[in-house]
Amino acid sequence: MRRSMKLAAVVLTGSLGIASLAACGAKSTDNNTSAPAGGASGIKVGMAYDIGGRGDQSFNDSAARGLDKAKADLGVQVTEAEAKTGEAEADKETRLKTLVTGGFNPIIAVGFVYQAAVEKVAKDNPNVKFAIIDSGSSTQPSNVTSLTFSEQEGSYLAGVAAASKSTAKHIGFIGGVQSELIKKFEAGYVAGAKSVTPDIKIETTYLTTPPDFSGFNDPGKGKDAAQGQIDKGADVVYSAAGSSGNGAIEAVYNAKKWAIGVDSDQAAQPALAKYKDRILTSMVKNVDTAVYSYIDSVKKGSPITGAKNFDLKEKGVSLATTGGFISDIQAKLDAATAAITSGATKIPTTTG
């Protein structure tokens, strides 16, 4: 079930009113749109989150941290909106158009689900800068910047950790939506695990397939999927499923197995504190770094353009160490990291 939207009064300029902001799923507060004591930069940043929005403890929250840092350090004004489970493509376009009308520039779309909408709205508004996270297309206009990550590299390290810690030699992977992006997570994880234990057994479950993207925002499905894998014998479960992964973590915790989180350091998330002793590590995707870097570049007048990829070498992806549960295999992880960053180890992006 999608989180209920938290709407508050907002002070905005231009023709974007409170009613139209609410209609596009925006969440903005006086605190969000205010600038620090150092003075506003004059830049108004609009962020359109993926399904689950701020508070998902994962992908969207990582983007939100970058936005919060930009507001605090750079003095930008911000507003936020989020995708709704089951919404039509036209709803995404309307959300982006409403941000354009409100004078927000740049506009950052969080997630590949926005690709078609960003291309269309950006083409119609060539003077507005857009960035999209986790997606890129050869047909998108020049005012769109793609911010992508080498998820397969971080997931490879997660696979090394999983296989090293599994006593059953049986692990699991849960993908939120069976898509090209999430298959990169799976491919890296499988390759990393097999580099340690070539004959390891790996369960794979995808919660939904496009155009159903609810697999990123259904903790119940995540919990059931994890329980199913545990029942089959898996003792480490890695979820790349947005807030659905929170349900998977709960199931793993109850079974006293190991969970691997994703995107944010999930063992450090307050809402998941109850389960932190069973979160082995998290494959952190530093979306916050990408968001902040992009906004900073716009403020400096030299915006990042084209496509910018954040890989393991640039610390775009990493493994969290909260809890100290992977300390005993750190040397193995360091060796794997060195092999990847040197180019000696090539990580697949598909399992085929």
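**Strand pairing and helix packing in the predicted model**

In strand E5, the residue that serves as bridge partner of Val 110 is Ile 133. This pairing, like every feature described below, is taken from a predicted model. It belongs to a set of four bridges that join strand E4 to strand E5 (residues 130-133), the two strands running parallel. Strand E4 is also joined to strand E2 (residues 44-49), in this case by three bridges and again in parallel, and within that pairing Met 47 stands opposite Ile 108 of E4. Strand E4 itself (residues 107-110) is covered on both faces, since Ile 107 and Ala 109 on one side and Ile 108 and Val 110 on the other are all buried, that is, each has under 20% relative accessible area.

The protein chain as a whole contains eleven helices and 13 strands. Of its 352 residues, 56% are buried. When contacts between residues at least 6 apart in sequence are considered, 68% of them join residues that are at least 24 apart.

An open sheet is formed by six strands, arranged in the order E8-E7-E9-E10-E11-E13 and with mixed pairing. Its edges are strand E8 (201-208) and strand E13 (317-319), each of which pairs on one side only, and the twist from one strand to the next averages 15°. Within this order, strand E9 (residues 236-240) and strand E10 (residues 258-263) run parallel and are joined by three bridges, with Val 236 standing opposite Trp 258 in E10.

Trp 258 is also one of the residues touched by Asp 277, the other being Phe 325, when residues up to four places away in sequence are not counted. Asp 277 is located in the loop between E10 and strand E11 (279-285). With a relative accessible area of 51%, Asp 277 is classed as exposed, because the class begins over 50%. Between Asp 277 and Lys 256, which are separated by 21 residues in sequence, the C-alpha to C-alpha distance is 9.4 Å.

Three helix pairs were examined, and in such cases two packed helices are described by the angle between their axes and the distance between the axes. For helix H6 (residues 151-165) and helix H7 (residues 180-196), the angle is about 40° and the axes lie 6 Å apart; H6 and H7 are therefore oblique to each other, and their crossing is right-handed. On the H6 side, the contact is made by Glu 151, Gln 152, Ser 155, Tyr 156, Ala 158, Gly 159, Val 160, Ala 162, Ala 163 and Ser 164, and on the H7 side by Leu 181, Lys 184, Phe 185, Gly 188, Tyr 189, Ala 191, Gly 192, Ala 193, Ser 195 and Val 196. By class, the residues of this contact divide into eleven nonpolar, seven polar and two charged.

Helix H6 also packs against helix H11 (residues 330-342), at an angle of about 150° and with the axes 10 Å apart. Since angles over 145 degrees count as roughly antiparallel, H6 and H11 are therefore assigned to that class, and the crossing of this pair is right-handed. The residues that make the contact are Glu 153, Tyr 156, Leu 157, Val 160, Ala 161 and Ser 164 of H6, together with Lys 332, Leu 333, Ala 336, Thr 337 and Ile 340 of H11. These residues comprise seven nonpolar, two polar and two charged. Tyr 156, Val 160 and Ser 164 of H6 appear both in the contact with H7 and in the contact with H11.

The remaining pair consists of helix H8 (residues 219-231) and helix H9 (residues 244-255), whose axes come within 6 Å and cross at roughly 40°. That angle makes H8 oblique to H9, and H8 passes H9 in a right-handed crossing. Helix H8 contributes Pro 219, Gly 222, Lys 223, Ala 226, Gln 227 and Ile 230 to the contact, whereas helix H9 contributes Ser 244, Gly 247, Ala 248, Glu 250, Ala 251, Val 252, Asn 254 and Ala 255. Seven nonpolar, five polar and two charged residues are found in this contact of H8 with H9.

How values were computed: Residues are numbered from 1 along each chain as its sequence is written. This is a predicted model: local features need pLDDT of at least 70, side-chain atom pairs count only at pLDDT 80 or more; totals for chains, interfaces and linings use all residues. Side-chain values use heavy atoms; hydrogens and water are left out. Axes are lines fitted to C-alpha atoms, for helices over the stretch in contact, and angles run from 0 to 180 degrees between N-to-C directions. Angles under 35 degrees count as roughly parallel, over 145 as roughly antiparallel, 65 to 115 as roughly perpendicular and the rest as oblique. A crossing is left-handed if the near helix is turned anticlockwise from the far one by less than a right angle, and right-handed if clockwise. Contact means heavy atoms within 4.5 Å. Ala, Val, Leu, Ile, Met, Phe, Trp, Tyr, Cys and Pro count as nonpolar, Asp, Glu, Lys and Arg as charged, and the others, Gly among them, as polar. Two strands pair if DSSP finds at least two bridges between them. Buried means under 20% relative accessible area, exposed over 50%, partly exposed in between (1.4 Å probe, protein chains only).
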